[in-house]
Amino acid sequence: MIIREKHNWLRMLFVWRGSILKDILPRLVVLFLFSLLVVFFREELSAYRVSFNPVPFTFIGIALAIFLGFRNNASYDRFWEARKLWGALLNTTRSLARQAITMGGLPENSKQVTSFVHLLIAFTYALKHQLRQTNATPDLERLLPNPLAAAVGQHQYKPIRLLKELGFWVRQAKEEGRIDAITQTAFDHNFNVLSDIVGGCERILGTPIPYPYSLLLHRTVYAYCYLLPFGLVQNSGWITPLFVVLVGYAFMGLDVIINEIEEPFGLEPNDLALNNMSRMIESTLLEMINMPAPTYPKNENLYLVD
Amino acid sequence: MIIREKHNWLRMLFVWRGSILKDILPRLVVLFLFSLLVVFFREELSAYRVSFNPVPFTFIGIALAIFLGFRNNASYDRFWEARKLWGALLNTTRSLARQAITMGGLPENSKQVTSFVHLLIAFTYALKHQLRQTNATPDLERLLPNPLAAAVGQHQYKPIRLLKELGFWVRQAKEEGRIDAITQTAFDHNFNVLSDIVGGCERILGTPIPYPYSLLLHRTVYAYCYLLPFGLVQNSGWITPLFVVLVGYAFMGLDVIINEIEEPFGLEPNDLALNNMSRMIESTLLEMINMPAPTYPKNENLYLVD
Amino acid sequence: MIIREKHNWLRMLFVWRGSILKDILPRLVVLFLFSLLVVFFREELSAYRVSFNPVPFTFIGIALAIFLGFRNNASYDRFWEARKLWGALLNTTRSLARQAITMGGLPENSKQVTSFVHLLIAFTYALKHQLRQTNATPDLERLLPNPLAAAVGQHQYKPIRLLKELGFWVRQAKEEGRIDAITQTAFDHNFNVLSDIVGGCERILGTPIPYPYSLLLHRTVYAYCYLLPFGLVQNSGWITPLFVVLVGYAFMGLDVIINEIEEPFGLEPNDLALNNMSRMIESTLLEMINMPAPTYPKNENLYLVD
Amino acid sequence: MIIREKHNWLRMLFVWRGSILKDILPRLVVLFLFSLLVVFFREELSAYRVSFNPVPFTFIGIALAIFLGFRNNASYDRFWEARKLWGALLNTTRSLARQAITMGGLPENSKQVTSFVHLLIAFTYALKHQLRQTNATPDLERLLPNPLAAAVGQHQYKPIRLLKELGFWVRQAKEEGRIDAITQTAFDHNFNVLSDIVGGCERILGTPIPYPYSLLLHRTVYAYCYLLPFGLVQNSGWITPLFVVLVGYAFMGLDVIINEIEEPFGLEPNDLALNNMSRMIESTLLEMINMPAPTYPKNENLYLVD
Amino acid sequence: MIIREKHNWLRMLFVWRGSILKDILPRLVVLFLFSLLVVFFREELSAYRVSFNPVPFTFIGIALAIFLGFRNNASYDRFWEARKLWGALLNTTRSLARQAITMGGLPENSKQVTSFVHLLIAFTYALKHQLRQTNATPDLERLLPNPLAAAVGQHQYKPIRLLKELGFWVRQAKEEGRIDAITQTAFDHNFNVLSDIVGGCERILGTPIPYPYSLLLHRTVYAYCYLLPFGLVQNSGWITPLFVVLVGYAFMGLDVIINEIEEPFGLEPNDLALNNMSRMIESTLLEMINMPAPTYPKNENLYLVD
């Protein structure tokens, strides 16, 4: 669980860690220098009968507001839906563990329950590795008996293979007469939910927001920022660069956050902490069968990805 | 239940209690004095060929509108989803109590039903304590038999441990032949819902809105407010501080509300009244088994947290 | 069912009934007179070197747009969710009546089915009375056998008590061998839905939109309207009051609608017609068991609460 | 299924059919003539010291944007929810037909299955007639055996009566030992969905968007359009009427669409094609039991209601 | 699965592939030349006492923002809902395959399980062909036994016919005593979901956003862009065409994207990759029964439709 510091309005103005500023500082410096140039050569510019004024920016601003507003909402929705899917993963694996313990016709600490819970944990890690396209083998070997780990490792869709294994576990319970068809469908209902979670994550990973949106927004933002000094220089004079940089900070900053948030399973600063969440699921499931959770190095840094 | 006073448009203009004004008054005073300084030294400012005018503020305003609009909606959604989860907690514990009473094969006032209902109440309080990171022991000891209270107390995820205990209660009913597998899955369905509620609250608690959003908004608001006097002073003269403070009241006020609402399980003025809601659940569940609810000191203050 | 008149664009400009105008007319008159005063004394005002112009209003306008847009959406969502909950109440009581008729193992017109349907109707009225904090006794006595009506009347959460009674009805059907556990859970599923409906209504009733939002919006609206004449007088002269009143009509009108809509279970003009809906549920359920519905005085007035 | 022509950006500028222009042309002509008058008498107007300028329109524009944005979204949501409900009707009747064919313990082409499917089709038409307040008798007599058609015809809530009949069909299947309680509840689950669909449509039909919203928006739109020539005449001179008509086209056009969309079960040009959808449900259900669908005159006109 | 290149802010400014620019370049050139003409003849224009200025554009801009914002959101919702439906198709076919393997009372590699999985794959392709109105016969013949392929091919609603076939498969399993009614309803639950998916896709295909919306937006966008040079020429002189083209790029570009996104089952550049998704479903289902997936030519081009 994350400990949040009380928002302090004064400190929030000057904090550096977690700020998007460090990502866009070079770009802002370039923009600042460019604005200075514009101010310096403004007389020459008007000599060429090129007269700039702020009016057109209002009209581009409308387009910009629609683009930024839309893409920001769509990206955040992806981020939050991804988070909800991982939340549902936590809830459903807990529910399945509870079902195995209280409805499987087995003592709480039996070997079968333990292996069922390990299947759930392996499922979680397998999903994480699939989404990050990392190597699942070490986690599979740690959590599963050897032949199964090897078999699963050869599959392209490893979480689906493990879901089938969970189904076999329940089938065996039925074949051994420990549960009946009713209880089997109660498990099966939660397997459906797990299947929806896997597919939901694959959907978010595999279908980004249509690319032309990103291009259209990105280009409009930069065209806007680099034209703005021309629009402000007449009225604002030497203070122009200050305002241009302020506007640039807001728009470029938002553009950067959106790009990070949009694909929530990556490894950028504001992506989902899949490592932490997997470990949390592991520890709560193990606690349910009275087993200690492995200790991991605590990730102190709240806003950086695990 | 909360008694609401009819909205009186005149009184709402001058009411002090519940207003955000008292939180931001010092900041507004500072902003007011700063604006006065700007008005006083405006001649000196223009002497330095620094000419301010309102035009750039329109452009920053677009960014501000997007930020404030987004963060406000996202925060309120978190607040309202948290409220819905606690509403679902009320509904589902009531449903489970009804199931225990009418489907458990037991007389309405039997000891088993009473202990089941107490488990549900303990579950509610355990969740509250987990979300507020307060000590659950007194409530657990009050509601549960001693050994169970001690066992639950040692768990990190106490509500999940109690959910398992609820599952054991149903298993025992089945083993004693009072219910069959069908009825067991009817209970189990609601246990799944409780598991979703716990995980949903943990999700809201553990995953704030990405921090850069807050920083970006916060800084843009304050930069905007403190630059505004320069933008207005030419046209508005001595009336400038009035408008600056009015704009500051609106923007800083919204910024403060958003910060409170965003993490709805805290103890700030507009956070959720988890204490009141827990007691309400306790009293309605006890009424269902014809037991009196313990009397708590009535919380007269509607808009302050319990 | 409501008969709606075709929208006629011309008549809609002048219709009085149902308009919000009559609620805010006095306030608009005061605003008009105030604007006239400002126009009359504009020379004196500028003598004091207080120069107003429209620029600052653009900036306050941004805040206002965010506040109004948000609070309007949030209030309408509450209104529409409340309506959906009462729609779900209609659907679910119909489904339960259908289940009692076709799955209860009883003839269609048996006494037990009739008493089950009366329990559903009593549940509906009990919920209405709880939400409006009115006296449920007459309706309970009309619909339930005397001892039960008295018992329910003593409970704080009457709909929940009736839900338990519905559960007892099903338990008896099972104990008498008319239904099995499967059919019992089919009923129970719909009881869960009813429990969600009760809790959903209690949530909307008990948790208003955080009060500071209302205050912040309300005050910004009135500050904006009363400062506006100063901003317009220079450019618009004697036509100023017309525009101020038009802006005031739009903003104050929206503020009033929002306040009514926000708490949809009240008795203000645009709140939900709970009486009509309760009677509609009563008549459709009675029709299902071939009983005539009691006749109520028809409520001719569409837009006034029942 | 509807064949859509590829959007051609040039032709879309000049197409007449399906355009809202023909509905508002007279109003735009009046607005145009009024604007011409304003331009003609502009000197006289300023003689009366009534000076108009565009500034106040910016402020009313904020209100207008909120109103139009909100009402447009709310109306489209109603339209789209109504469409989803009719989509769910298609899905659920198909599911029920599949259940009757594969789970009813009957041969695929048995008389009972045929009569079940006809009940589903009659249900669809009965709902359509209820929503449009047209006469259901011809369709009922076409689809149902005579006594049943007569009985249903006397009910106020005909779809609900047919839902009960569907329940009786399933009860009979159970009484004849063809299905057990499990399969009965599988049917019953889909009956619940049908009940939700009926109630959902009744909700949209019976509860319009609160009337004051429509009035407030409608009046603000017309006040805005008819005051606009005064605001533009100073700067734009003889080109004023062109702009006023363009703004009027956009705002009045949106106002008209919103009014049509808002009540999606009507007979206005953009309302839902309930006839087409009913026939589509009829033909797909009949295809499932290998019966030919009756041929209807094809409705060529895509954008006009059936 | 799609490999996404890291967003590079610099390269994104100049990338050509995937940009909407190539679609609207001719229109932008025409707009540019038109603007040049306006600048060239500006003196003649003012001689006719036709004075343009930027003010009216602000008012049309409000309407434009509402239209673009609404239509963009509505179109993207359609796109994303369509994607979710195809995601649910993946999840549910996987769940059904898992049920057939672990609950069907058959060995994992039995002929019946294989034919069930082929039915699911045929269902997927049949839906794809229905949505794109292409010929399903080759895929049906490839996946189904000959007589069935021929029978399905004669149906108008092929996926529904296959759903019935899936139902027969389960009925046979029950008639052969391999499963009981409980397990049958577990399959049936997922058949209901498939039925909802088919109907959901048909709804999006068959009911576009009301056409007048598209016309109103489209015309306002083009009227706006072609009037804009008149509004800017006075203040901006020879720089006017640059700004007009920038505004035109933003608005026309968004208009084009919206038109593509709105009907997500088509073959335009940003429509859904139904081919890829069908093949992905085929390969994951075959992997579940340990069969190799057919190899298809890899589609390298991320943003072009398959």
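Colleague: Hi! Which side chain does B:Arg161 meet in a salt bridge?

Modeller: Hello! This is a predicted model, and in it the side chain of B:Arg161 forms a salt bridge with that of B:Glu165, at 2.9 Å from N to O.

Colleague: Nice. Where do B:Arg161 and B:Glu165 lie in chain B?

Modeller: Both belong to helix α8 (residues 158-175) of chain B. They are 4 residues apart there, so about one helical turn separates them.

Colleague: And how many salt bridges are there over all chains?

Modeller: Searching the whole structure gives 55 salt bridges.

Colleague: Let's switch to the surface. What sort of charge does the patch with D:Asp77 carry?

Modeller: Negative charge. D:Asp77 gathers there with A:Asp77, B:Asp77, C:Asp77 and E:Asp77. In chain D, D:Asp77 sits in helix α4 (residues 55-103).

Colleague: Now the symmetry. What turn lays chain C on chain B?

Modeller: A turn of 72°, with a shift of 0.0 Å along the axis, and the RMSD is 0.0 Å. The two copies are therefore related as by a five-fold rotation axis.

Colleague: Which C-alpha of chain C is nearest the axis?

Modeller: That of C:Ile182, which lies 5.5 Å from the axis.

Colleague: Do tell me about the surfaces: what share of the contact residues of chain C recur in chain B?

Modeller: Just 3% recur, and the copies use different surfaces.

Colleague: Last one: how far apart are the nearest C-alpha atoms of chain B and chain D?

Modeller: They are 10 Å apart, and chain B and chain D do not touch. Chain B and chain E do not touch either, with their nearest C-alpha atoms 10 Å apart.

How values were computed. Residues numbered from 1 in each chain as written. Chains lettered and ligands numbered in written order. Predicted model: local features only at pLDDT ≥ 70, side-chain atom pairs only at ≥ 80, totals over all residues. Heavy atoms only, no water. Least-squares fit on C-alpha atoms with pLDDT ≥ 70 in both. Contact = heavy atoms within 4.5 Å. Patch = residues over 30% accessible without salt bridge, like charges linked within 9 Å, V, L, I, M, F, W, Y side chains within 5 Å. Areas by Shrake-Rupley, 256 points an atom, 1.4 Å probe, with all protein chains shown as cover. Salt bridge = Lys/Arg side-chain N within 4 Å of Asp/Glu carboxyl O. Lys, Arg positive; Asp, Glu negative; His and termini not counted. Charge placed at Lys NZ, Arg CZ, Asp CG, Glu CD. Helix = DSSP H or I, 4+ residues; strand = E, 2+ residues; numbered from the N terminus.
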